[in-house]
Amino acid sequence: MYSFMGGGLFCAIVGNILLVVSTATDYWMQYRLSGNYAHQGLWRYCISNKCYMQTDTIAYWNATRAFMILSGMSCFAGIIAGIMSFAHFSSFERFNRSFAAGIMFFVSTFFVLLGMAIYTGVTVNFLGRRFGDWRFSWSYILGWVAMLMNFFAGIFYICAYRMCECRRGNGPR
């Protein structure tokens with residue numbers, strides 16, 4: 001049980017770090033604009049080594065930002081619940097923290113999936129046609145890796161919960 005929780009906690013911490021880095025950095029997409037190298041993130045875009053804030057309130061950027069922030073917050077809440085699941089307090093007998101942590105990691109996975117799907121769909125269908133020579137970059141890829149890490153953290157914590165439930169069922173009555 002503790003090995004599942006430890007693996008889940010490791011995956012969750014790495015996933016949360018990747019979420020923060022992915023959301024904060026400016027390399028979601030790279031392209032050429034008028035012969036100059038440019039790249040953009042969720043908050044800024046950079047052309048010819050000069051960066052500017054994204055002042056346009058475009059719905060897909062706002063949705064992607066919101067889902068990535070919600071994902072980071074739910075992953076952090078899952079990490080707190082995951083750390084607390086190592087401690088055994090008698091006042092929390094009816095509340096299983098391993099199960100709560102697993103659910104929070106699945107919620108975080110769902111939010112990342114929504115944010116990444118929105119960004120991918122709009123980028124491919126709208127921006128991909130606007131810029132001829134473009135590609136997704138490393139910040140974008142970190143977002144997908146963070147989603148996988150959060151998913152595996154959820155799997156590990158649900159497995160730890162199931163092992164705990166099996167041990168309770170086999171005990172004396």
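The following exercises, each with a worked solution, concern a predicted model.

Residues are numbered from 1 along each chain as its sequence is written, and side-chain values use heavy atoms, with hydrogens and water left out. Because the model is predicted, local features need pLDDT of at least 70 and side-chain atom pairs count only at pLDDT 80 or more, whereas totals for chains, interfaces and linings use all residues.

**Exercise 1. Overall architecture**

Determine how many helices and strands the protein has, and in which order the elements run.

Solution.
- Step 1. Helices (H or I, at least four residues) and strands (E, at least two) are taken as DSSP runs, numbered from the N terminus.
- Step 2. By this criterion the protein has four helices and five strands.
- Step 3. Read from the N terminus, the order is α-β-β-β-β-α-α-β-α.
- Step 4. The accessible surface, from the Shrake-Rupley method with a 1.4 Å probe and, for residues, only the protein chains shown counting as cover, comes to about 9,500 Å². Carbon and sulfur atoms hold 68% of this surface.
- Step 5. A residue is buried under 20% relative accessible area, exposed over 50%, and partly exposed in between (1.4 Å probe, protein chains only). Of the 173 residues, 42% are buried.
- Step 6. With contact meaning heavy atoms within 4.5 Å, 68% of the contacts with a separation of 6 or more link residues 24 or more positions apart.

**Exercise 2. The salt bridge**

Identify the residues that form a salt bridge, and state which parts of the chain the pair ties together.

Solution.
- Step 1. The criterion is a side-chain nitrogen of Lys or Arg within 4 Å of a carboxyl oxygen of Asp or Glu. The count by this rule is one.
- Step 2. The partners are Asp 26 and Arg 44, whose closest N and O atoms are 2.5 Å apart.
- Step 3. Asp 26 lies in the loop between α1 (2-24) and β1 (29-33) and Arg 44 in strand β3 (residues 44-47), so the bridge joins parts 18 residues apart in sequence.
- Step 4. Asp 26 is buried at 7% relative accessible area, while Arg 44 is partly exposed at 32%.
- Step 5. Thr 25 is also found in the loop between α1 and β1, and is buried at 19%. Its C-alpha atom is separated by 8.4 Å from that of Arg 44, 19 residues away along the chain.
- Step 6. Leaving aside residues up to four places away in sequence, Thr 25 touches Gly 41, Leu 42, Trp 138 and Ser 139.

**Exercise 3. The largest nonpolar core**

Establish which residues have the most contacts inside the largest nonpolar core, and which elements supply it.

Solution.
- Step 1. A nonpolar core is a set of buried Ala, Val, Leu, Ile, Met, Phe, Trp, Tyr and Cys residues joined through side-chain atoms within 4.5 Å.
- Step 2. The largest core has 30 residues, and those with the most contacts inside it are Trp 28, Met 68, Phe 105 and Tyr 119.
- Step 3. At least two residues come from each of α1, β1, α2, α3 (97-130) and α4 (138-170). The greatest share, seven residues, comes from α4.
- Step 4. Beyond four places in sequence, Phe 105 touches several residues, including Ala 12, Cys 75, Ile 79, Ala 153 and Tyr 157.
- Step 5. Gly 143 lies in helix α4 and is buried at 0% relative accessibility. Its contacts, not counting residues up to four places away, are Ser 22, Met 68, Val 112 and Met 116. The C-alpha atoms of Gly 143 and Trp 28 are separated by 9.2 Å, although the two are 115 residues apart along the chain.

**Exercise 4. The surface patch**

Name the residues of the nonpolar surface patch and the helix that gives the most to it.

Solution.
- Step 1. Patch residues have over 30% relative accessible area and no salt bridge; like charges are joined within 9 Å, and nonpolar side chains (Val, Leu, Ile, Met, Phe, Trp, Tyr) within 5 Å.
- Step 2. The members are Trp 43, Met 53, Ile 69, Leu 70 and Met 73, together presenting about 470 Å² of accessible area.
- Step 3. Helix α2 (residues 59-84) gives the most, with three residues. Met 73 is found in this helix and is exposed at 53%.

**Exercise 5. Positive phi values**

Describe phi and the surroundings of Ser 48 and Asn 49.

Solution.
- Step 1. Most residues other than glycine have a negative phi.
- Step 2. Ser 48 has a positive phi of about 50°, and phi of Asn 49 is near 65°.
- Step 3. Ser 48 is placed in the loop between β3 and β4 (50-53), as is Asn 49.
- Step 4. Ser 48 is partly exposed at 38%, whereas Asn 49 is exposed at 81%.
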